[in-house]
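Reader: I'd like to learn how to read a model like this one, feature by feature. Could we go through it together?

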Amino acid sequence: MNNGLQIVEQKLQHIPSEKEGLRLWLRIVSCSQMVEQEIRTMLRDKFDTTLPRFELLSALDGVADGLSMGELSSWLMVTKGNVTGIAERLSEDGFIKRNPTPTDRRSFCVTLTPKGKKAYKEMEEQYESLLDKLFSGVSLDDSDMFTGVLAKVKEEVENLRE
């Protein structure tokens, strides 16, 4: 068990049972971070790429007309500056094409190139395979139950925003 996870496990042991929301949140965050780290490692080791690059390619997959930098920023929930930096490197590597939009020459529409589509499909296959492996011990009933719990939490968050 890695050091960070040990700290979370120790902290969970000391949280009173009546604070179940805190216990659940810490468990979700630690598991999410562990899964994300496995994804990052796989992408780095097998494709010499990063998770942000993969996510940008993923956002463009299946969007024939492409997305603007603002749409990519919203989709990825990062700043336009972050998207611009990632897009510039992906463009230099030949994975995406940035075309000025017809209505505003200062903004760009981003699409996958054939090279980018091929690379993304290879990454996506490995990504899905890794997730299948990581969640292989979770039954369909457990998955359905957890999905329902997360839907309830999402609903509560949305209710707070109203």
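**Reading the model**

Author: Let's start with one ring residue: Tyr-127 has 26% relative accessibility, so Tyr-127 counts as partly exposed; the scale calls a residue buried under 20% relative accessible area, exposed over 50% and partly exposed in between, with a 1.4 Å probe and protein chains only. Keep in mind that this is a predicted model, where local features need pLDDT of at least 70, side-chain atom pairs count only at pLDDT 80 or more, and totals for chains, interfaces and linings use all residues. Residues are numbered from 1 along each chain as its sequence is written, and side-chain values use heavy atoms, with hydrogens and water left out.

Reader: How many aromatic pairs does the structure hold?

Author: Rings of Phe, Tyr and Trp (its six-membered ring) pair if their centres lie within 6.5 Å; planes under 30 degrees apart are stacked, over 60 edge-to-face, and the rest tilted. There are two such pairs here. One of them joins Phe-54 and Tyr-127, a tilted pair at 4.9 Å centre to centre with 45° between the planes. Phe-54 sits in helix α3 (residues 51–60) and Tyr-127 in helix α6 (residues 114–134), so the pair ties together parts 73 residues apart in sequence. Helices (H or I, at least four residues) and strands (E, at least two) are DSSP runs, numbered from the N terminus. Phe-54 is buried, at 4% relative accessibility. Ring pairs also bring in Tyr-120, which forms a cluster with Phe-54 and Tyr-127.

Reader: And the strands: in what order do they form the sheet?

Author: Two strands pair if DSSP finds at least two bridges between them. The order is β1-β3-β2, in an open sheet with antiparallel pairing. β1 (67–68) and β2 (96–100) are the edges, each with a single partner strand, so one side of each has no neighbour in the sheet. Five bridges join β2 to β3 (residues 108–112), and Pro-100 has Phe-108 as its bridge partner in β3.

Reader: How many salt bridges are there?

Author: The rule asks for a side-chain nitrogen of Lys or Arg within 4 Å of a carboxyl oxygen of Asp or Glu. That gives seven. Take Arg-53 and Asp-93, which meet at 2.9 Å, N to O. This pair links distant parts of the chain, with Arg-53 in helix α3 and Asp-93 in the loop between α5 (80–92) and β2, 40 residues apart. Arg-53 is buried at 13% relative accessibility, while Asp-93 is partly exposed at 34%.

Reader: What about a salt bridge within one helix?

Author: Try Lys-154 and Glu-158, whose closest N and O atoms are 3.4 Å apart. They are four residues apart in helix α7, so about one helical turn separates them. Lys-154 is exposed at 52% relative accessibility, and Glu-158 is partly exposed at 37%. Shared partners also join Asp-61, Lys-121 and Glu-124 into one salt-bridge network.

Reader: Which residues make the nonpolar surface patch?

Author: Patches take residues with over 30% relative accessible area and no salt bridge; nonpolar side chains (Val, Leu, Ile, Met, Phe, Trp, Tyr) are joined within 5 Å, like charges within 9 Å. Leu-24, Met-145, Phe-146 and Leu-150 make this one, about 330 Å², with areas from the Shrake-Rupley method and a 1.4 Å probe, only the protein chains shown counting as cover for residues. Helix α7 (residues 140–161) gives the largest share, three residues, and Met-145 is found in that helix.
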